[in-house]
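Let's take a friendly walk through this chain, pausing at its charged side chains, a small polar cluster and a few backbone angles. Please keep the 3D view open as you read.

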Amino acid sequence: NIRVFNSSSYDFENITVSSTDYGDLASGQKSEYQKFDLAYRYAFVELEIDGATYTIQPIDFVGETPLKAGFYTYRLDADDSEERLGRLSIGLIED
C-alpha cells in the first residue's frame, strides 16, 4: 500500500507512479493509498508542473529488495530546475 506526498512548493498534476494513477496533488497534500503487488524504495514517476512533464526513470531494480507488505509513502519533491529527468526526487517513508 503506497501513497504519494507532495513535499514540494509546486502543485503536481496527472501523477503516475509505476503505471498507477494518483491524479493531482497540491503542495503539501498526500494521496490515498494504492495497492501494489510489487514495489521498491523508488519507482518510475511522471507528473506535470505548470503544464510541463517531468519524470523519474529508474534504470533497473537489480540488487534492490522488494518492499515488505505494509504501508509506505513516496515523498516527491521538485527543485527549481527545468530538467525533465533531473527536477524530481523521491524518498520512501515507512508509515
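A good place to begin is Arg41, which has a relative accessible area of 46% and is therefore partly exposed, since that class runs between the limits of 20% and 50%. Bear in mind as you look that this is a predicted model. Which residue forms a salt bridge with Arg41? The partner is Glu64, and the closest N and O atoms of the two are 3.1 Å apart. This pair brings together distant parts of the chain, 23 residues apart: Arg41 sits in the loop between β3 (20-25) and β4 (45-49), while Glu64 sits in the loop between β5 (52-56) and β6 (72-78). Glu64 is partly exposed too, with a relative accessible area of 22%.

Why might such a pair form at all? Side chains of opposite charge can pair when their charged atoms come close. The salt bridges in this model come to 4, and two others are worth a visit.

Turn next to Arg3, which forms a salt bridge with Asp95, with 3.5 Å between the closest N and O atoms. Here again distant parts of the chain are linked: Arg3 belongs to strand β1 and Asp95 to the segment after β7 (88-94), 92 residues apart. Is Arg3 buried or exposed? Its relative accessible area is 18%, so Arg3 is buried, the limit for that class being under 20%. Asp95, on the other hand, counts as partly exposed at 43% relative accessibility.

The other bridge to look at joins the side chains of Arg87 and Glu82, at 3.9 Å from N to O. The salt-bridge cut-off is 4 Å, so the 3.9 Å of this pair falls within it. The two ends have different surroundings: Arg87 counts as buried at 4% relative accessibility, whereas Glu82 is exposed, with a relative accessible area of 60%.

Now for charges of one sign. Where do Asp11, Glu13, Asp21, Asp24 and Asp50 gather? They gather on the surface, in a patch of negative charge. One member, Glu13, is found in strand β2 (residues 12-17), and Glu13 is partly exposed, its relative accessible area being 37%. A residue needs over 30% relative accessible area to join a patch, so the 37% of Glu13 passes that limit.

From here, look to the loop between β1 (2-6) and β2, where you will find Ser8. Ser8 counts as buried, at 4% relative accessibility. What does the side chain of Ser8 meet? It shares a polar contact of 2.7 Å with the side chain of Asn6. A polar atom of the Ser8 side chain also lies 3.0 Å from the backbone nitrogen of Tyr10.

Finally, let's turn to the backbone. Which residue has a positive phi of about 50° although it is not a glycine? That residue is Asn14, placed in strand β2. Asn14 is partly exposed, with a relative accessible area of 43%. Ser19 also has a positive phi, near 70°, and is a residue other than glycine. You will find Ser19 in the loop between β2 and β3, where it counts as exposed at 72% relative accessibility.

How values were computed
Residues numbered from 1 in each chain as written. Predicted model: local features only at pLDDT ≥ 70, side-chain atom pairs only at ≥ 80, totals over all residues. Heavy atoms only, no water. Patch = residues over 30% accessible without salt bridge, like charges linked within 9 Å, V, L, I, M, F, W, Y side chains within 5 Å. Areas by Shrake-Rupley, 256 points an atom, 1.4 Å probe, with all protein chains shown as cover. Lys, Arg positive; Asp, Glu negative; His and termini not counted. Charge placed at Lys NZ, Arg CZ, Asp CG, Glu CD. Helix = DSSP H or I, 4+ residues; strand = E, 2+ residues; numbered from the N terminus. Buried < 20%, exposed > 50% of the residue type's maximum accessible area, 1.4 Å probe, protein only. Polar contact = N/O pair within 3.5 Å; in protein donor to acceptor, adjacent residues only side chain to side chain.
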